[in-house]
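Dear colleague,

Here is the structure I said I would pass on. My notes on what was found in it follow below.

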Amino acid sequence: SYGCNDSYFTISISGEDENFTKIMNLVIRQLLMPYFEQKQLDAVKGSEFFSRYSRQKRTAVQKSALLQYALYGKKSAYLDEVPFIDIWNMDGVKVQQLVASARTYALDIFYCGTLPEEKMVADLPLTEGMRPSKSPFIQDRQTYDKPTVLFLPNSNVQQADLYFYINGRPYDISSDVASDAFNQYMSGGFTGVIMNEIRVKRSMAYSAYGVDATPSLPGKDCYFYGYVGTQSDKVVDAINVYMDILADMPKDSTNLASLKAALKQAAQTAKPSMRGKASTYEYWQRLGYTDDPSKVNAEAIDAITFNDIEKFYEDNIKGKPVTIILMGDPKKIDLKAIQTKCGCKVTKLTPAKLFNSTQELLDAVM
């Protein structure tokens with residue numbers, strides 16, 4: 001199979017080692033002379049047209065676009081996208097040129113099988129003078145230096161979606177254990193602070209969590225990402241409780257032993273499968289690890305104290321400006337109460353702000 005995303009063009013193969021040479025010959029031929037079928041390309045164009053044309057009316061897509069806009073602004077995946085006219089004008093020659101261009105970049109190859117290294121390498125599609133890759137690509141996020149509330153009114157939804165976002169520090173693996181401990185304390189199931197305060201004690205949400213999210217490249221910024229799914233008429237109460245948690249994290253060290261046990265179990269279950277070891281090892285190396293993180297961090301997990309969790313909270317959450325991203329029924333949400341709690345004006349958005357105009361689609365096909 002073949003696939004592509006913002007970072008990689010991928011080829012995935014599963015087969016018998018006795019057919020390895022034949023398989024590689026087929027792959028090389030497909031890369032050099034990609035098979036092209038006009039009916040298939042026309043189907044792709046039609047599918048993309050109807051997806052873009054209808055997405056502004058689809059609740060799930062609106063929610064995704066709202067979050068993308070809040071995190072990336074004009075670089076949202078729904079705004080910074082390939083113009084539809086370019087897709088509409090795509091033909092076999094351009095498809096082949098794109099595949100040819102992909103072949104010129106450096107590649108990673110992950111193999112799991114029984115062949116000796118020399119035999120396997122001899123049959124691989126390797127070429128000289130490949131261009132260096134900048135992958136993986138990680139889009140820089142918006143930064144907010146003051147409290148912000150972004151609201152997308154939607155009268156058709158019963159459940160409101162609430163997101164909480166805080167800018168974070170540049171990522172380094174030295175903070176991994178403290179970050180994991182903080183996440184377990186805040187969102188470790190029903191005993192986690194957020195779920196316990198919002199759902200268990202007050203029954204005001206279907207789901208609730210908050211985590212310190214880390215990127216897949218050192219130096220890129222981490223961020224706090226929280227969510228609450230609740231009824232629109234409970235939004236204000238949910239915001240009040242969540243913001244109080246962020247402003248002054250409840251402190252309870254009684255479950256520290258079970259928290260450590262959960263971290264150890266998570267480290268063990270994170271081990272890759274046999275066929276995933278090579279790619280996982282490359283990922284660990286990219287982060288800065290020289291060995292299995294579960295081994296590297298084992299002593300740090302044993303030594304973690306509640307003071308470490310408190311310090312992580314103090315350094316990365318407490319007092320930082322919070323951005324609230326909200327979609328819900330405007331008739332049931334008291335925006336003035338939200339403004340009072342957050343100390344800022346609520347910015348109302350419309351679907352037109354989150355998506356490119358559908359007129360571009362119509363102009364392309366006319």
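**Backbone notes**

Pro136 sits in the loop that runs between helix H6 (117-122) and strand E3 (148-153). The bond between Ser135 and Pro136 is a cis peptide, with omega at about 0 degrees. Please keep in mind that this is a predicted model. A second backbone point concerns Ser203, which is not a glycine but has a positive phi of about 50 degrees. Ser203 belongs to the loop between helix H8 (193-200) and E5. For context, most residues other than glycine have a negative phi, and most peptide bonds are trans.

**Overall picture**

The protein has 17 helices and eight strands. Along the principal axes, its C-alpha atoms fill a box of roughly 65 × 60 × 30 Å. The chain counts 366 residues, of which 37% are buried. If one takes the contacts between residues at least 6 apart in sequence, 79% of them join residues at least 24 apart. About 21000 Å² of the protein is exposed, and carbon and sulfur atoms supply 52% of that area.

On charge, there are 42 positive and 43 negative side chains. The centres of these two sets lie 6 Å apart.

**Nonpolar cores**

The largest nonpolar core is made of 49 residues, and Phe164 and Ile338 have the most contacts inside it. Helix H9 (residues 235-247) gives the most to this core, namely nine residues. What does Ile338 touch, leaving aside residues up to four places away in sequence? The list is Val149, Val235, Val236, Ile239, Leu326, Ile333 and Val346. There is also a second, separate core of 25 residues, which includes Leu79, Tyr163, Ala213 and Tyr223.

**Salt bridges**

A search of the whole structure gives 16 salt bridges. As background, side chains of opposite charge can pair when their charged atoms come close. I describe some of the pairs here.

Asp212 and Arg169 form a salt bridge through their side chains, at 2.9 Å from N to O. Asp212 is in strand E5 (residues 207-213) and Arg169 is in strand E4 (residues 159-170), so this pair ties together parts 43 residues apart in sequence. Are these two residues buried or exposed? Asp212 has 7% relative accessibility and counts as buried because the cut-off for that class is under 20%. Arg169, at 16%, counts as buried too.

Asp244 and Lys341 also meet in a salt bridge, with 2.7 Å between N and O. Asp244 belongs to helix H9 and Lys341 to helix H15 (residues 335-342), so the link ties together parts that are 97 residues apart in sequence. Asp244 is partly exposed, at 42% relative accessible area. Lys341 is partly exposed as well, at 32%.

Glu197 pairs with Lys201 in a salt bridge whose closest N and O atoms are 3.0 Å apart. Here Glu197 is buried, with a relative accessible area of 12%, whereas Lys201 is exposed at 54%.

Finally, a network of salt bridges links Glu48, Arg52, Arg55 and Glu81.

**Two distances**

Gly46 is located in helix H2 (residues 38-54). Gly46 is partly exposed, its relative accessible area being 24%. Between the C-alpha atoms of Gly46 and Trp88 there are 8.9 Å, and the two residues are 42 apart along the chain.

Lys311 lies in helix H14 (residues 306-316). With a relative accessible area of 52%, Lys311 is exposed. How many Å separate the C-alpha atoms of Lys311 and Met33? The separation is 57 Å, for residues that are 278 apart along the chain.

Regards

Conventions:
Residues numbered from 1 in each chain as written. Predicted model: local features only at pLDDT ≥ 70, side-chain atom pairs only at ≥ 80, totals over all residues. Heavy atoms only, no water. Helix = DSSP H or I, 4+ residues; strand = E, 2+ residues; numbered from the N terminus. Buried < 20%, exposed > 50% of the residue type's maximum accessible area, 1.4 Å probe, protein only. Contact = heavy atoms within 4.5 Å. Areas by Shrake-Rupley, 256 points an atom, 1.4 Å probe, with all protein chains shown as cover. Lys, Arg positive; Asp, Glu negative; His and termini not counted. Charge placed at Lys NZ, Arg CZ, Asp CG, Glu CD. Core = buried A, V, L, I, M, F, W, Y, C linked by side-chain atoms within 4.5 Å. Salt bridge = Lys/Arg side-chain N within 4 Å of Asp/Glu carboxyl O.
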